[in-house]
Amino acid sequence: FQPQWLHYRLASNAEYRLRFADRAYKRFAPGGALSPGKCINRFIARKDQVDMAIIAESARWGDAKSWDPRDKNDDWLPEVADLENNFFPVRSDIVISQLKAAGLYPSLEPTVVKESGLTLSDERAVTIPVTVTLENPNNRGQILYTLDGTDPRLTGGTTSLKAVQVQNGTNLVVSGSTIFRSRILDGQVWSALKEIRFVAVNEDYSNL
C-alpha cells in the first residue's frame with residue numbers, strides 16, 4: 001500500500017477523477033503554483049541561492065577517465081537558460097495533455113473569465129460593481145455558474161438548482177465580494193472547476 005496504488009484504485013471512480021482534474025486545473029492554470037511563470041520564478045530563486053557555490057562545485061565536474069574541465073559559464077549557465085526558455089514554458093501544457101490521455105482530465109476546457117480583456121485567475125481584488133465576461137473556450141457545451149461558492153455540478157453529475165446557464169460571451173456584473181464557480185457542461189461531460197474569489201476593496205463593513 002502506497003500513494004500511487006491508492007491513486008490507481010481511486011481513479012476508477014468518476015467523482016475522484018473530476019476532483020483530481022479540478023485540482024490539476026487550479027495548479028496548472030495561469031497564476032497557479034505549477035504554471036510556467038511560477039515554476040520559472042521558483043527555479044530562478046533556487047539558482048540564485050547556489051550561484052556562488054556553483055563556481056566551486058564546477059571544479060569537481062569532468063570525466064573520471066580523461067580530464068575534461070567544465071565551469072559555470074560554459075556548462076551551468078547554458079543549461080539553466082535552456083530550462084528557463086525551452087522546458088518550463090511548455091511543460092505545464094504537456095502534463096495536462098498527459099492527464100487527458102490517462103483519463104484524469106476532461107476533454108472540455110473550463111470557463112474563461114475576463115475583465116476588460118484580461119483573463120482572471122483564482123483571486124481578484126476589485127472595485128465594485130465590476131463587469132466580467134464569461135467565455136466558453138470549447139466549440140461545444142454550455143456555461144453554468146454560481147455566485148455563492150457552491151459547485152454548479154452535484155455529486156453524481158446532475159446540475160445544481162442554484163446554477164445559472166448562460167451563453168458564450170455573456171457579461172456578468174459582480175456587485176460584492178463573492179466566490180464565483182463555473183463549469184462547462186456538454187451532455188454528460190463536465191469541465192474542471194473554474195473558481196475566482198472576488199474581493200471588493202470598497203465594500204462597506206461598518207455595520208459588522
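Visitor: In this model, where does Ser116 lie?
Guide: The model is a predicted one, and Ser116 is best placed through the strands on either side. Strand 1 and strand 2 form a hairpin with two residues between them, and these two strands pair in the antiparallel sense over two bridges. Ser116 accordingly belongs to the loop between strand 1 and strand 2.

Visitor: What is the phi of Ser116, and is the residue buried or exposed?
Guide: Most residues other than glycine have a negative phi. Ser116, in the turn of the hairpin, has instead a positive value, near 55 degrees. Since exposed means over 50% relative accessible area, a relative accessibility of 77% makes Ser116 count as exposed.

Visitor: Which residues are the bridge partners of Lys114 in strand 2 and in strand 4?
Guide: Strand 1, residues 112–115, is joined by three bridges to strand 4, residues 130–135, and the two run antiparallel; in that pairing Val112 stands opposite Glu135. Strand 1 also pairs with strand 2 over two bridges, again in the antiparallel sense. For Lys114 the bridge partner in strand 2 is Thr119, while in strand 4 the partner is Thr133.

Visitor: Which strands are the edge strands of the open sheet?
Guide: Strands of a sheet pair through backbone hydrogen bonds, either parallel or antiparallel. Here four strands form an open sheet in the order 2-1-4-7, with antiparallel pairing. The strands that pair on one side only, and so stand at the edges, are strand 2 (118–119) and strand 7 (170–174).

Visitor: Which residue does a cis peptide bond join to Pro129?
Guide: Most peptide bonds are trans. Pro129 is found in the loop between strand 3 (123–126) and strand 4, and the bond that precedes this proline has an omega of about -10 degrees. The residue joined to Pro129 by this cis peptide bond is Ile128.

Visitor: With which residues is Asp122 in contact, leaving aside its neighbours within four places in sequence?
Guide: Asp122 has its place in the loop between strand 2 and strand 3, and its relative accessible area of 37% means that it counts as partly exposed. Its C-alpha atom is separated by 8.0 Å from that of Gly32, although the two residues are 90 apart along the chain. Beyond the neighbours in sequence, the contacts of Asp122 are Lys26, Glu195, Ile196 and Arg197.

Visitor: How many Å apart in space are Gln188 and Thr158, C-alpha to C-alpha?
Guide: Gln188 is found in the loop between strand 8 (178–186) and strand 9 (189–190), where its relative accessibility of 73% makes it count as exposed. Along the sequence, Gln188 and Thr158 are 30 residues apart. In space, the distance between their C-alpha atoms is 8.6 Å.

Visitor: Why is the protein chain described as more spread out than a compact globule, and what is its radius of gyration?
Guide: The secondary structure of the chain comes to five helices and ten strands. For 208 residues the globule rule gives 17 Å, and the chain is well over that value, so it is more spread out than a compact globule. Its C-alpha atoms fill a box of roughly 70 × 45 × 35 Å along the principal axes, and its radius of gyration is 23 Å.

Visitor: How far apart do the centres of the positive and negative side chains lie?
Guide: The protein chain exposes about 12800 Å², of which carbon and sulfur atoms supply 53%. Its charged side chains comprise 25 positive and 25 negative ones. The centres of these two sets lie apart by 8 Å.

Definitions and conventions: Residues numbered from 1 in each chain as written. Predicted model: local features only at pLDDT ≥ 70, side-chain atom pairs only at ≥ 80, totals over all residues. Heavy atoms only, no water. Rg over C-alpha atoms; globule rule 2.2 N^0.38 Å. Areas by Shrake-Rupley, 256 points an atom, 1.4 Å probe, with all protein chains shown as cover. Lys, Arg positive; Asp, Glu negative; His and termini not counted. Charge placed at Lys NZ, Arg CZ, Asp CG, Glu CD. Pairing = 2+ DSSP bridges. Buried < 20%, exposed > 50% of the residue type's maximum accessible area, 1.4 Å probe, protein only. Contact = heavy atoms within 4.5 Å.
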